[in-house]
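Me: I have a structure open and would like to talk through a few of its residues with you. Shall we take them one at a time?

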Amino acid sequence: MSEPPLKPVLQKPPGYRDPNLPAAAQSGFRPPPRKPVLPPSFNPRRRNRSFCRVCCCWLCIFVLVLVLLSVIGGLVFYIWFDPKFPVFHIRSFRITRFNVTERPDGTYLDAATTTSLEMKNPNVKITYYYGETEVGVSVGEGGDETPVGTTAVPGFTMWKQSTMSLKVETKVSNTLVDDWVGKRLRSRYRNKILAVNAEARTKVGVSVAGLKVGKVAVTVKCDGITMKELDGGDMPKCVIDMLKW
């Protein structure tokens with residue numbers, strides 16, 4: 001028997017697409033391979049971020065607890081010890097020498113003063129201790145205020161509920177002043193209305209239950225007190241400035 005004749009293979013026309021194949025296979029495009037999905041334990045970035053967050057949270061908690069303990073400690077200290085600032089007064093002021101001399105080359109001041117500063121420690125459980133104290137004295141006020149000397153007082157201690165006085169002696173010699181200032185100072189001195197000013201600069205520390213706390217810079221200012229007021233027994237309080245020089 002003779003074999004049946006073979007059918008010729010038909011060529012696919014250009015642009016033909018087989019409906020049984022996916023579109024990606026017909027175009028020759030291959031999708032990129034998918035990344036393997038790893039478990040959370042294999043992700044170091046997330047682990048580092050979580051660790052940082054935990055550290056920040058614990059740090060914030062620690063700071064808040066520290067602040068809270070400090071506030072509570074301060075309240076307990078204030079209630080238990082009832083701290084009060086020391087009180088300063090000018091107890092007395094004497095001018096032992098006061099000469100205003102007018103010369104052809106100007107007006108000169110020659111003066112010597114003795115000032116008594118009274119200090120009180122009203123605290124029952126707190127002791128104050130002072131470093132070296134620099135005391136400056138001046139007379140007059142406003143534009144005619146004139147220094148009459150500065151002296152240094154050695155360090156001292158103010159015990160609980162105690163009162164003490166500091167004797168400060170100052171002097172100036174042949175200090176040149178303006179003519180109008182010299183005339184005004186001399187007139188007010190004779191009428192006992194000359195204003196007296198004292199300024200003390202020192203460092204103060206506290207001692208509580210035998211424990212000393214570091215010193216802090218303090219400036220004490222006693223301004224605008226006249227000689228007549230001091231002679232009459234007036235002792236106005238001086239102003240205390242903390243951390244100012």
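Me: Let's start with A200: in which strand does it lie?
Reply: Happy to help, and please keep in mind that this is a predicted model. The strand that holds A200 spans residues 195-208. That element is strand β8.

Me: Is A200 buried or exposed?
Reply: The relative accessible area decides this, and anything under 20% counts as buried. For A200 the value is 9%, so this residue is buried.

Me: Which residues does A200 touch, leaving out those up to four places away in sequence?
Reply: Heavy atoms within 4.5 Å make a contact. With residues up to four places away in sequence set aside, A200 touches T133, E134, V135, V218, T219 and V220.

Me: What separates the C-alpha atoms of A200 and T151?
Reply: Along the chain, A200 and T151 are 49 residues apart. In space, their C-alpha atoms are separated by 9.7 Å.

Me: Now to E118: where is it found, and is it buried or exposed?
Reply: E118 is found in strand β2, which covers residues 106-121. The cut-off for buried is under 20% relative accessible area. E118 has 9% relative accessibility, so it counts as buried.

Me: Which residues is E118 in contact with, beyond its neighbours within four places in sequence?
Reply: Those sequence neighbours are left aside here. The contacts of E118 are then V87, F88, H89, R91, T163, M164, S165 and M235.

Me: Turning to the surface, which residues form a nonpolar patch with V54?
Reply: The patch has about 960 Å² of accessible area together. Besides V54, its members are W58, I61, V65, L68, L69, I72, V76 and W80.

Me: Is L68 buried or exposed, and in which helix does it lie?
Reply: A relative accessible area over 50% counts as exposed. L68 has 51%, so it is exposed. Its helix, residues 44-81, is α2.

Me: What is notable about phi of N174?
Reply: Most residues other than glycine have a negative phi. N174, found in strand β7 (residues 162-177), has a positive value although it is not glycine. Its phi is near 50°.

Me: And what about K192: where is it found, how accessible is it, and what is its phi?
Reply: K192 is found in the loop between α3 (179-190) and β8. At 43% relative accessibility, K192 counts as partly exposed. Its phi is positive, in a residue other than glycine, and is near 60°.

Definitions and conventions
Residues are numbered from 1 along each chain as its sequence is written. This is a predicted model: local features need pLDDT of at least 70, side-chain atom pairs count only at pLDDT 80 or more; totals for chains, interfaces and linings use all residues. Side-chain values use heavy atoms; hydrogens and water are left out. Helices (H or I, at least four residues) and strands (E, at least two) are DSSP runs, numbered from the N terminus. Buried means under 20% relative accessible area, exposed over 50%, partly exposed in between (1.4 Å probe, protein chains only). Patches are made of residues with over 30% relative accessible area and no salt bridge: like charges are joined within 9 Å, nonpolar side chains (Val, Leu, Ile, Met, Phe, Trp, Tyr) within 5 Å. Accessible areas come from the Shrake-Rupley method with a 1.4 Å probe; for residues, only the protein chains shown count as cover. A salt bridge is a side-chain nitrogen of Lys or Arg within 4 Å of a carboxyl oxygen of Asp or Glu.
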